[in-house]
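Trainee: Could you take me slowly through one part of this structure, the sheet, and then show me how the rest is arranged around it? I would like to follow each step on the model as you speak.

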Amino acid sequence: MSKNKKQASREGLTIQFIPYSEISGLNSTERIKKLLQIILKNKVIVIQGRLRAEEETRLIEDTMVMVGTVKGFKGIELAVISPNPNEMGFMTKVKHGIASALVGDTESLTIIGPAAIIKDMKRDPSKLEVMMNRN
Amino acid sequence: MVIRIIRNFFSRIFSEMFKSKKNISLGFYGPPNAGKTSLANRICKDWTGEEIGTVSRVPHETRKVQFREKVDIKYKDNQLSFKLVDTPGIATKIDYEDFLKFKLKKKEAQSRAKEATQGIIDAIKWLDDVNAVVVVLDSTENPYSQVNITIIGNLVARKIPVLIVANKVDAKKSDIKKIEAAFPEYDVVGISAKYGTNMEEFYESLFKLAKKARK
C-alpha cells in the first residue's frame, strides 16, 4: 500500500483517501480505471480535488458498463464539495484561481462509493450527508 | 476514388453547415423521472400533434434515445426548426430491485435495469450531437445532486448552451427558488409539462437558447 494512502476500516467499511498528487499525473483513462478498481473492492474513496467534467461523465459511462457486466454491482454514489466562490472575497478568489491553475483543484473533496454501501448522498450548498446501507 | 472522397468530404461539410443554421438539435437531459419525455411530448403535441414517447411513474421509462426530426416552433413573429432529442435519465446507479417496488416482475425489472444502463451510456454519447440542451429538473427534488452538476458542468465544458427547466411546478413541494439558487448563472423556467403551465415563457426562453446555439 502507498505511504500516501490512509485507510480507515471500521465494521467492514473501508475509506481510502487519495491525495491529489496521486492522481494528478494520470490521464483520464488511468484515473477512472484506478477509481473503479478501488470501488469494486467495496471501498469508499475520498479524493483531494475533483475530476474534470468530462471525466465525471466518463466515470458514469464506465460505471454503467460495469453494472451491466459485473455481477452484483449496482453502480456508485458520487458527490463533490467545493468552497463556495460567492462567499470568498476578491483576493481569496484570485489566490484560489492562481492555485488551481498551478497545481489543480485541490480545494474540493470528491466522495465516491459503491451504491451497495452508500445508500444516498444528500448535498446542500454547505454540507454533505452520506447515508450508508445497513446490510 | 480520390474525387469521390473529396466530393463526400465537401458535401458532409456543407450539409453540417446548413444543418447547424437551419435545424437546431435540441437535447433533453436530466435525472430519471424529471419529466424530459413529458416536456418533449408537450412540445411535439403543440407543434406536430403527435407525441414522442411514453411516460410512466416507474423510473427509466425512456431507455432509448428518441427523436423527432424537424419540429417547427413559432414564437411571436419568428419560426425555428428543431430536431428534438429526448434522452434516457442519467443516473450513477441502477438496481433492478428498485423496480420491484413498482410491482414489476423480477425478469421484467432485470431487463429494464439492463436497458436503462445502456440508455445512460447512449444519452452521454449523444452529447456530441446536440447544439443546445434543455436540462429538465424535478422542482420537488433537491437540485444539488451530483448528476445534475455533472451534466451541466459537461455542457459548459463543451460550450453547449443550456436552459434549465424546473418541472412539476403544479406539485405542492415544488421549489423553483432552490433550483435558481443552485444554478445562479443559468436561466431557469418553471413549468408543468403535464398540465402545460407556463409554456409561453418556456418558448420565449427556448428561442433565446436557440439564438445562443446559432452563434
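Mentor: Let us begin with a term: two strands are said to pair if DSSP finds at least two bridges between them. With that in hand, and remembering that this is a predicted model, look at strand β1 (residues 23–29) of chain B and strand β4 (residues 132–138) of chain B, which pair in the parallel sense over four bridges. If you would like a place to rest your eye, find B:G27, which stands opposite B:V133 in β4(B). In general, the strands of a sheet pair through backbone hydrogen bonds, and they may do so either parallel or antiparallel.

Now widen the view to the whole sheet, which is open and consists of six strands of chain B in the order β2-β3-β1-β4-β5-β6, with mixed pairing. Its edges are formed by β2 (66–75) and β6 (188–190) of chain B, each of which pairs on one side only. If you look along the sheet, you will find that neighbouring strands are turned by 30° against each other on average, when direction is ignored.

It helps to place the sheet within its chain. Chain B has seven helices and six strands, and from the N terminus on its elements run α-β-α-β-β-α-α-β-α-β-α-β-α. Two of the helices deserve a look here. Helix α2 (residues 36–47) of chain B lies across β1, β2, β3 (78–86), β4 and β5 (162–167) of that chain, running at about 55° to β2(B), while helix α7 (residues 199–213) of chain B lies across β1, β2, β3, β4, β5 and β6, at about 105° to β2(B). Contacts that link distant parts of the sequence are frequent in this chain: of the contacts in chain B with a separation of 6 or more, 71% are between residues 24 or more positions apart.

Let us return to the edge strand β2 of chain B, which contains B:K70. The phi of B:K70 is near 45°, a positive value in a residue other than glycine, and B:K70 counts as exposed because its relative accessibility is 52%. Also in this region, B:K83 forms a salt bridge with B:E69, with the closest N and O atoms 3.6 Å apart. This pair links distant parts of the chain, since B:K83 belongs to strand β3 of chain B and B:E69 to strand β2 of chain B, 14 residues apart. The two partners can be told apart by their surroundings: B:K83 is buried, with a relative accessible area of 18%, whereas B:E69 is partly exposed, with 48%.

The loop between α2 and β2 of chain B is worth the same care, and B:H60 is found there. B:H60 has a positive phi of about 65° although it is not a glycine, and at 9% relative accessibility B:H60 counts as buried. A second salt bridge can be followed from this loop, in which B:E115 and B:R63 bring their closest N and O atoms to 2.7 Å. B:E115 lies in helix α4 of chain B and B:R63 in the loop between α2 and β2, so the pair ties together parts that are 52 residues apart in sequence. B:E115 itself is partly exposed, with a relative accessible area of 36%.

Next, consider the nonpolar side chains. The largest nonpolar core has 55 residues, of which B:I90, B:V135 and B:I164 touch the most other members. Helix α4 (residues 106–125) of chain B gives the largest share of this core, seven residues. Apart from it lies another core, of 31 residues, among them B:I24, B:L26, B:V71 and B:A213. Looking beyond its neighbours within four places in sequence, B:I164 is in contact with several residues, including B:V135, B:I179 and B:F183. As a general matter, nonpolar side chains tend to be buried together in soluble globular proteins.

Finally, turn to the partner chain, where 20 residues of chain B are in contact with 23 residues of chain A. The two chains bury about 2,000 Å² between them, 61% of it on carbon and sulfur atoms, and the count of salt bridges between them is three. One bridge to find is that of B:K93 with A:E77, whose closest N and O atoms are 2.6 Å apart.

Conventions. Residues are numbered from 1 along each chain as its sequence is written. Chains are lettered from A and ligands numbered from 1 in the order in which they are written. This is a predicted model: local features need pLDDT of at least 70, side-chain atom pairs count only at pLDDT 80 or more; totals for chains, interfaces and linings use all residues. Side-chain values use heavy atoms; hydrogens and water are left out. A nonpolar core is a set of buried Ala, Val, Leu, Ile, Met, Phe, Trp, Tyr and Cys residues joined through side-chain atoms within 4.5 Å. Buried means under 20% relative accessible area, exposed over 50%, partly exposed in between (1.4 Å probe, protein chains only). Helices (H or I, at least four residues) and strands (E, at least two) are DSSP runs, numbered from the N terminus. Contact means heavy atoms within 4.5 Å. Axes are lines fitted to C-alpha atoms, for helices over the stretch in contact, and angles run from 0 to 180 degrees between N-to-C directions. Buried area is the accessible area (1.4 Å probe) that two parts lose on being put together, summed over both. A salt bridge is a side-chain nitrogen of Lys or Arg within 4 Å of a carboxyl oxygen of Asp or Glu.
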